[in-house]
Amino acid sequence: MGGDTGIARRSGAEAFLGPEFGDGIWNAIRNDRLFTVPNLLSLLRLVGVPLFLWLLLGPQYDMLALLVLVFSGITDWLDGKIARWLDQSSALGALLDPSVDRLYILSTLIAFMIRGIVPWWLVAVLVAREIVLVAALLMLRHHGFGPPQVHYLGKAATFTLLYAFPLLLLAEGDSAFAAIASPFGLAFTAWGCLLYLWSGALYLIQFGGAVRRLRGATPGAAAA
């Protein structure tokens, strides 16, 4: 196991804990439950991504796009709860849920940037965070490590941003709720982005610890 780094070397069923796109994860998924309520909710959220983008960027049906965002946030909260209540945790769910979260966040941010709802530099910073983490994960995967366990700050950042997005979209309207939603949407966005960057920094610290462990375990590392 990864000890205090929170990152595990790949072995057997542990490989499904993250995007290890090799034999380990696919064997774990094939041998586990696929048709569960949490997995169905995650798939519904995944289908909602292109629908949301079309509603927001095509005909600009903002209220319908808002409903899709609200549905995504509710089901993101529900699938974890249901997995625990019904004992329906699965390898597919462990891979699918965070992947759909990232896809929703990035696609929503890009769509909001196109519509002028959020500034381009904010999107650039968060996309850069994802690129850096993906590069670090690929490096760790090359050395036989699995991804780090999901940190509570990462999950908190995801929930905060998923709450911020509907408020930002609601603030674009002309209703009386728009003036109320605007400051809350901006506040949730600021906190969500800060938590997102903070969690990324913590993951990088974990990556650094894993690399130091690897170098320390390599014969001749001390002489180098």
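A salt bridge is a side-chain nitrogen of Lys or Arg within 4 Å of a carboxyl oxygen of Asp or Glu. The structure described here is a predicted model, and it holds ten salt bridges.

## Salt bridges

Three of these pairs are listed below, with the distance from N to O.

| Pair | N to O distance |
|---|---|
| R45 and D97 | 2.5 Å |
| K155 and D101 | 3.1 Å |
| R129 and E130 | 2.5 Å |

R45 forms a salt bridge with D97. This pair links distant parts of the chain, since R45 belongs to helix 2 and D97 to helix 4, 52 residues apart. R45 has a relative accessibility of 0% and therefore counts as buried. D97, at 14%, also counts as buried, because the cut-off for buried is under 20% relative accessible area.

The side chains of K155 and D101 form another salt bridge. K155 lies in helix 6 and D101 in helix 4, so this pair ties together parts that are 54 residues apart in sequence. The two partners differ in accessibility: K155 is partly exposed at 24%, whereas D101 is buried at 4%.

In the third pair, R129 meets E130. Both R129 and E130 are buried.

Some of the charged residues belong to a wider arrangement. A network of salt bridges links R45, D76, D79, D97, D101 and K155. What does R45 touch, not counting residues up to four places away in sequence? Its contacts are S72, T75, D76, D79, D97, V100, D101 and Y104.

S42 is also found in helix 2, which covers residues 37-57. With a relative accessibility of 2%, S42 counts as buried. Leaving out residues up to four places away in sequence, S42 touches D79, L96, D97 and V100.

## Helix 3

Helix 3 has 24 residues, from 62 to 85. At 1.5 Å a residue, helix 3 should span 34 Å, and its end C-alpha atoms are 34 Å apart, which agrees. The buried residues of helix 3 include L66, V68, L69 and I82, as well as D76 and D79. After helix 3 comes D87, which has a positive phi, near 55°.

W77 lies in helix 3 as well. Is W77 buried or partly exposed? W77 has a relative accessible area of 39%, so this residue is partly exposed. Although W77 and F159 are 82 residues apart along the chain, their C-alpha atoms are separated by 8.2 Å.

## Nonpolar cores

In soluble globular proteins, nonpolar side chains tend to be buried together. The largest nonpolar core in this model has 30 residues. Which of its residues touch the most other members? They are F52, L56, L69, F112, V118, F165 and L169. Helix 2, helix 3, helix 4 (91-115), helix 5 (120-142), helix 6 (152-170) and helix 7 (176-217) each give two or more residues to this core. The core also draws at least three residues from each of domain 1 (30-116) and domain 2 (119-215).

V118 is one of the residues with the most contacts to other members. Not counting residues up to four places away in sequence, V118 touches L109, F112, M113, V123 and L168. There is a second, separate core of nine residues, among them L140, F145, Y203 and L214.

## Aromatic pairs

A pair of aromatic rings is described by the distance of the centres and the angle of the planes. The model has four aromatic pairs. One of them is F159 with Y163, which is stacked, with 6.3 Å from centre to centre and 20° between the planes. F159 and Y163 are four residues apart in helix 6, so about one helical turn separates them.

Y163 is partly exposed, with a relative accessible area of 41%. Y163 also pairs with F188: the ring centres are 6.5 Å apart and the planes are at 90°, so this pair is edge-to-face. Because Y163 lies in helix 6 and F188 in helix 7, the pair ties together parts that are 25 residues apart in sequence. F188 counts as partly exposed, at 31% relative accessibility.

Ring pairs also link F52, F112 and F165 into a cluster. F52, F112 and F165 are among the residues of the largest nonpolar core that touch the most other members.

Terms used: Residues are numbered from 1 along each chain as its sequence is written. This is a predicted model: local features need pLDDT of at least 70, side-chain atom pairs count only at pLDDT 80 or more; totals for chains, interfaces and linings use all residues. Side-chain values use heavy atoms; hydrogens and water are left out. The expected span of a helix is 1.5 Å times one less than its number of residues. Buried means under 20% relative accessible area, exposed over 50%, partly exposed in between (1.4 Å probe, protein chains only). Contact means heavy atoms within 4.5 Å. A nonpolar core is a set of buried Ala, Val, Leu, Ile, Met, Phe, Trp, Tyr and Cys residues joined through side-chain atoms within 4.5 Å. Domain bounds come from an automatic or database domain assignment. Rings of Phe, Tyr and Trp (its six-membered ring) pair if their centres lie within 6.5 Å; planes under 30 degrees apart count as stacked, over 60 as edge-to-face and the rest as tilted.
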